[in-house]
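Thank you all for coming. I would like to take a few minutes to go through one model with you, beginning with the terms I will lean on and then moving through the strands, the charges and the loops.

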Amino acid sequence: MEELLKSITQGLVDNPNEVSIDVDEPNEEGVIVYHLHVAESDMGRVIGKQGRIAKAIRVVMRAAANRRDAKISVEID
């Protein structure tokens, strides 16, 4: 899952080497939170106009998680 998020994000940004992901342990509801960190100059590229790209990333990640019977959340920091 982490590799999928990283490959999606690195394709969007100008500085792919600055993409990093922190993964939290599942919380009491079983949700795993992925914290996506990108360079400040790439933040707009990852979020997109009105958050459309961020929503699309979250949809793809949730779909992949559903195939593995997991619950995830993606936060862009």
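Let me begin with accessibility: I call a residue buried when its relative accessible area is under 20%, exposed when it is over 50%, and partly exposed in between, with a 1.4 Å probe and protein chains only. By that scale glutamate 75 is partly exposed, because its relative accessible area is 35%.

Please keep in mind that this is a predicted model, in which local features need pLDDT of at least 70 and side-chain atom pairs count only at pLDDT 80 or more, while totals for chains, interfaces and linings use all residues. Residues are numbered from 1 along each chain as its sequence is written, and side-chain values use heavy atoms, with hydrogens and water left out.

Let me turn to the strands. When I speak of helices (H or I, at least four residues) and strands (E, at least two), I mean DSSP runs, numbered from the N terminus, and two strands count as paired if DSSP finds at least two bridges between them. Strand 2, residues 31-37, runs parallel to strand 3, and six bridges join the two. Within that pairing, valine 31 stands opposite lysine 71, and valine 33 stands opposite serine 73. Strand 1, residues 20-23, is joined to strand 2 by four bridges, and here the two run antiparallel, with valine 23 standing opposite tyrosine 34.

How many of the seven residues of strand 2 are buried? Six of them are, so strand 2 is largely enclosed by the rest of the structure.

Strand 3, residues 71-76, has two faces that you can tell apart, a covered one made of Ile72, Val74 and Ile76, and an uncovered one made of Lys71, Ser73 and Glu75. In a regular strand the side chains alternate between the two faces of the sheet. Glutamate 75, which I mentioned at the start, lies in strand 3.

That residue brings us to the charges. Glu75 belongs to a patch of negative charge on the surface, together with Glu2, Glu3, Asp22, Asp24, Glu25 and Asp77. Patches are made of residues with over 30% relative accessible area and no salt bridge, where like charges are joined within 9 Å and nonpolar side chains (Val, Leu, Ile, Met, Phe, Trp, Tyr) within 5 Å. Of the patch members, aspartate 77 is found in the segment after strand 3, and it counts as partly exposed because its relative accessibility is 36%. The C-alpha atoms of aspartate 77 and histidine 37 are separated by 5.2 Å, although these residues are 40 apart along the chain.

Which side chains meet in a salt bridge, taken as a side-chain nitrogen of Lys or Arg within 4 Å of a carboxyl oxygen of Asp or Glu? The structure holds one such contact, and it is between aspartate 14 and arginine 45, at 3.3 Å from N to O. Aspartate 14 lies in the loop between helix 1 (2-10) and strand 1, and arginine 45 lies in helix 2, so the pair ties together parts that are 31 residues apart in sequence. Aspartate 14 counts as exposed at 52% relative accessibility, whereas arginine 45, at 41%, counts as partly exposed.

I will finish with the loops. In the loop between helix 2 (43-47) and helix 3 (52-67) we find glycine 48, which is partly exposed with a relative accessible area of 21%. From glycine 48 to alanine 70 the distance is 26 Å, C-alpha to C-alpha, for a separation of 22 residues in sequence. Glutamine 50 also has its place between helix 2 and helix 3, in the loop, and although it is not a glycine, it has a positive phi of about 55 degrees; at 68% relative accessibility it counts as exposed.

Aspartate 69, in the loop between helix 3 and strand 3, likewise has a positive phi, near 55 degrees, in a residue other than glycine, and aspartate 69 counts as exposed at 76% relative accessibility. Lastly, asparagine 27 lies in the loop between strand 1 and strand 2, where it counts as partly exposed at 32% relative accessibility.

Notes. Areas by Shrake-Rupley, 256 points an atom, 1.4 Å probe, with all protein chains shown as cover. Lys, Arg positive; Asp, Glu negative; His and termini not counted. Charge placed at Lys NZ, Arg CZ, Asp CG, Glu CD.
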